[in-house]
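Notebook open, coffee poured. I want to go through the helix packing, the core, the salt bridges and a couple of odd loop residues.

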Amino acid sequence: MNTHRSIRKLIEEIGPQGPIEAVYVEEITALIWDIQRLRNCKVSVIHQMSRRALESLLTELLTINQKIKAQALAKRWFEDAAAREEVSEILKRFDLDESAIEAEAIRLASDQLEWLDKALVLASSRLDKSLRFIKSYRVGFADDVRRHSDRLLMADVTPQRSVA
């Protein structure tokens, strides 16, 4: 969602009374945008770690003389259906599925994900603080902003992981 378009849309929906309330709407919109971006970053971090995670998992599961095969399979996994099938068969032998790859990616990216979670908590806290401040300014205005910001956050669509 375009930031300027979001601001205009919130301003139209909430109908701030005067420039001070308009500034509050812009601040709230920026915080919502930050929260959405941070959520998307978490997904991207996990996706970026997928190949390394797959290689790590296969290296752990395969015997010593098959370590080079693990590296090659991890490289081909994203482009080659035969490699995906072979990896799937290896995982099945150990009662695992593709979710094990994502779990390993999360484990490998845990420091980055922890930082992003802290940033999300901070941004959410700032949003709540701004909404409480607005409430003291005008109760009806705060309720409108809360309702519309909740709607925008609920409408946020997180990108799905693409395996193909």
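In which hand does helix 2 pass helix 7? I looked it up, and the crossing is left-handed. For the record, left-handed means that the near helix is turned anticlockwise from the far one by less than a right angle, and right-handed means clockwise.

**Ground rules.** I am working on a predicted model, where local features need pLDDT of at least 70 and side-chain atom pairs count only at pLDDT 80 or more, while totals for chains, interfaces and linings use all residues. Numbering runs from 1 along each chain as its sequence is written, and side-chain values use heavy atoms, with hydrogens and water left out. Helices here are DSSP runs of H or I with at least four residues, strands are runs of E with at least two, and both are numbered from the N terminus.

**Helix 2 against helix 7.** I next pulled the geometry of this pair. The axes come within 10 Å and cross at roughly 165 degrees. Axes are lines fitted to C-alpha atoms, for helices over the stretch in contact, and the angles run from 0 to 180 degrees between N-to-C directions. Helix 2 and helix 7 are therefore roughly antiparallel to each other. My cut-offs: under 35 degrees is roughly parallel, over 145 roughly antiparallel, 65 to 115 roughly perpendicular, and the rest oblique. What lines the contact of helix 2 with helix 7? I find 20 nonpolar, 3 polar and 7 charged residues. In that tally Ala, Val, Leu, Ile, Met, Phe, Trp, Tyr, Cys and Pro are nonpolar, Asp, Glu, Lys and Arg are charged, and the others, Gly among them, are polar.

**A salt bridge between helix 2 and helix 7.** I then checked Lys 42 and Asp 117, which form a salt bridge with their closest N and O atoms 2.5 Å apart. The criterion is a side-chain nitrogen of Lys or Arg within 4 Å of a carboxyl oxygen of Asp or Glu. Lys 42 sits in helix 2 (residues 19–48) and Asp 117 in helix 7 (residues 110–137), so this pair ties together parts 75 residues apart in sequence. Buried or exposed? I get neither: Lys 42 is partly exposed at 24% relative accessibility, and Asp 117 is partly exposed at 34%. The scale is buried under 20% relative accessible area, exposed over 50%, and partly exposed in between, with a 1.4 Å probe and protein chains only.

**Other salt bridges.** The structure holds 8 salt bridges, and I looked at a couple more. Glu 86 pairs with Lys 69, the closest N and O atoms being 2.8 Å apart. That pair links distant parts of the chain, with Glu 86 in helix 5 (residues 81–93), Lys 69 in helix 4 (residues 67–76), and their positions 17 residues apart. Glu 86 is partly exposed at 26%, as is Lys 69 at 35%. Lys 118 bridges to Glu 114 at 3.6 Å between the closest N and O atoms. These two both lie in helix 7, 4 residues apart, about one turn of the helix. Lys 118 counts as exposed at 54%, whereas Glu 114 is partly exposed at 43%.

**Core.** Which residues have the most contacts inside the largest nonpolar core? They are Leu 58, Leu 127 and Val 145, in a core of 43 residues. By my criterion such a core is a set of buried Ala, Val, Leu, Ile, Met, Phe, Trp, Tyr and Cys residues joined through side-chain atoms within 4.5 Å. Helix 2 gives the most to this core, with 9 residues.

**Two more helix pairs.** Helix 2 and helix 8 pack at about 25 degrees with their axes 11 Å apart, and are therefore roughly parallel. Helix 2 passes helix 8 in a right-handed crossing. For helix 3 and helix 4 I noted axes within 8 Å and a crossing of roughly 155 degrees. That makes helix 3 roughly antiparallel to helix 4, and their crossing is right-handed.

**Loop oddities.** Most residues other than glycine have a negative phi. Asp 95 has a positive phi of about 55 degrees although it is not a glycine. I place Asp 95 in the loop between helix 5 and helix 6, exposed at 74%. Ile 64 is in the loop between helix 3 and helix 4 and is exposed at 71%. My last lookup was Ile 64 to Glu 12: 52 residues apart in sequence and 64 Å apart in space, C-alpha to C-alpha.
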